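Please open the model in a viewer and keep the sequence panel visible. The stops below are given in the order in which to select them.

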Amino acid sequence: MGFVFACFAAFFGACVGSFLNVCIWRIPRDESVIAPRSHCPKCERLIPWYLNIPVLSWVALGGKCRWCRTPISIRYLGVELLTALLFVMVYLQYTQQPSLLEMVPLSHEALIPIYWVFLAGLVCGTFVDFDHMIIPDSVTIGGMVVGPIFSVLVPAMHGADVWYLGLKGSLIGGGVGFGLLYLVAVVGEKIFKKEAMGFGDVKLMGAVGAFLGWKAVLFTIVTASAAGSVAGLTLIALKKNELQGRIPFGPYLSLGAAVWLFWGERILGAYLKILSL
Ligand SMILES: [Zn+2]
């Protein structure tokens, strides 16, 4: 039975990923994500449903438009596969099978759809940030609004069993996330005399805190800074000139938050153990 559910999670994740591709393209262009139906950006032909099946269609068409043969970026396939992988991982986190992944156990089955929503938002925000250096408000402010609502419905999101403690955990998390990065943004701007931290990152951390709590905020900031430094130094070593411009920080924050979601308490526990030796 577990295998059937895992397959469903993968298929559903790929479909959501397919929709995220639409969101990533259209939201920053202020286009509706519902209408019009998907079409080739080059020849404008509508993509019929049987050519709009996640993963399979891209592979079957060899990554090209059916009619005009314009290449379709492999990123579309990547976003679908990534989302499918994340959805399966959340399900495996719930079943704790296979145990070798060492993920933090989910305390409530309702966390599965909630984490799916959260991770879908991170995927969307990450790729929009790569393309446009912004994170859409529908992801960040949306997360800050939906996080507390989910926390009332499922207090287990914050290790609580009554609604007001779930809400408390969400509001504290959101406040710490938003407040800390707001401080970094304001102080950074004073010191460097230019924008040090985008306001989209501030709002994103508000959403991360509202979903995952204040400990996740601290972990995410540390992890994202470390990952960002490694990536930055790698770019310098490779003599890439992209460092001249701004590097989007949202993808690193998203990575940090996702690592916390799957392994955070385990990593924190191991770290505290080392400290107490
Ligand atoms: Zn075409």
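Which residues are buried in α6? Select G166, G169, S170, G173, G174, V176, G177, F178 and L181. Keep in mind throughout that this is a predicted model.

**Stop 1: helix α6**

Now show the whole of α6, residues 163–192. Its 30 residues should span 44 Å at 1.5 Å a residue, and the end C-alpha atoms are 43 Å apart, which agrees. The buried residues of α6 pack against α5, α7 and α8, so add those helices to the display. Just after α6 comes K193, with a positive phi near 60 degrees.

**Stop 2: helix α8**

Select residues 214–237, which form α8. From first C-alpha to last, this helix of 24 residues reaches 35 Å, close to the expected 34 Å. Colour A216, V217, F219, T220, I221, T223 and A224, the buried residues of α8. They pack against α6, α7 (199–212) and α9 (250–275). K239 follows α8 and has a positive phi, near 55 degrees.

**Stop 3: the contact of α6 with α8**

Two packed helices are described by the angle between their axes and the distance between the axes. For α6 and α8 the angle is about 30 degrees and the axes are 7 Å apart. Angles under 35 degrees count as roughly parallel, and α6 is therefore roughly parallel to α8. To see the contact, pick I172, G173, V176, G177 and L180 on α6 and W214, A216, V217 and I221 on α8. By class, these residues divide into seven nonpolar, two polar and no charged.

**Stop 4: F150 in α5**

Move to α5, residues 137–153, and select F150. Is F150 buried or exposed? F150 counts as buried because it has 21 C-beta neighbours inside 10 Å, where the cut-off is 20 or more. Apart from neighbours within four places in sequence, F150 is in contact with I114 and M157. For a distance to display, use the C-alpha atoms of F150 and F211: they are 8.1 Å apart, with the two positions 61 residues apart in sequence numbering.

**Stop 5: the two domains**

Zoom out and colour by domain: domain 1 covers 1–103 and domain 2 covers 107–277. Their centres, taken over C-alpha atoms, are separated by 24 Å. How many residues of each domain are in contact with the other? There are 18 in domain 1 and 18 in domain 2. On the domain 1 side, α1 (2–26) and α3 (74–95) each supply at least two residues. The largest share of that side, ten residues, comes from α3. The domain 1 side divides into 15 nonpolar residues, two polar and one charged.

**Stop 6: V88 and G2**

Within domain 1, select V88 in α3. V88 has 19 other C-beta atoms within 10 Å and is therefore partly exposed. Not counting residues up to four places away in sequence, V88 touches A6, A9, A10 and G13. The C-alpha atoms of V88 and F8 are separated by 8.5 Å, although the two residues are 80 apart along the chain.

Then go to G2, found in α1. G2 is exposed, with 11 other C-beta atoms within 10 Å. Beyond its neighbours within four places in sequence, G2 is in contact with T95 and Q97. G2 and S18 are 16 residues apart in sequence, and their C-alpha atoms are 24 Å apart.

**Stop 7: backbone details in two loops**

Most residues other than glycine have a negative phi, and most peptide bonds are trans. The next selections depart from those habits.

- The loop between α1 and α2 (56–60) holds P36; the peptide bond from A35 to P36 is cis, with omega near -5 degrees.
- D30 is found in that loop between α1 and α2 too, and its phi is positive, near 55 degrees. D30 counts as exposed, with 6 C-beta neighbours inside 10 Å.
- In the loop between α3 and α4 (111–132), select P98; a cis peptide bond joins Q97 and P98, with omega about -5 degrees.
- E102 has its place in the loop between α3 and α4, with a positive phi near 55 degrees. E102 is exposed, with 12 other C-beta atoms within 10 Å.

Notes. Residues are numbered from 1 along each chain as its sequence is written. This is a predicted model: local features need pLDDT of at least 70, side-chain atom pairs count only at pLDDT 80 or more; totals for chains, interfaces and linings use all residues. Domain bounds come from an automatic or database domain assignment. Two residues are in contact if their C-beta atoms, placed from the backbone, lie within 7 Å. Helices (H or I, at least four residues) and strands (E, at least two) are DSSP runs, numbered from the N terminus. Ala, Val, Leu, Ile, Met, Phe, Trp, Tyr, Cys and Pro count as nonpolar, Asp, Glu, Lys and Arg as charged, and the others, Gly among them, as polar. The expected span of a helix is 1.5 Å times one less than its number of residues. Axes are lines fitted to C-alpha atoms, for helices over the stretch in contact, and angles run from 0 to 180 degrees between N-to-C directions. Angles under 35 degrees count as roughly parallel, over 145 as roughly antiparallel, 65 to 115 as roughly perpendicular and the rest as oblique.
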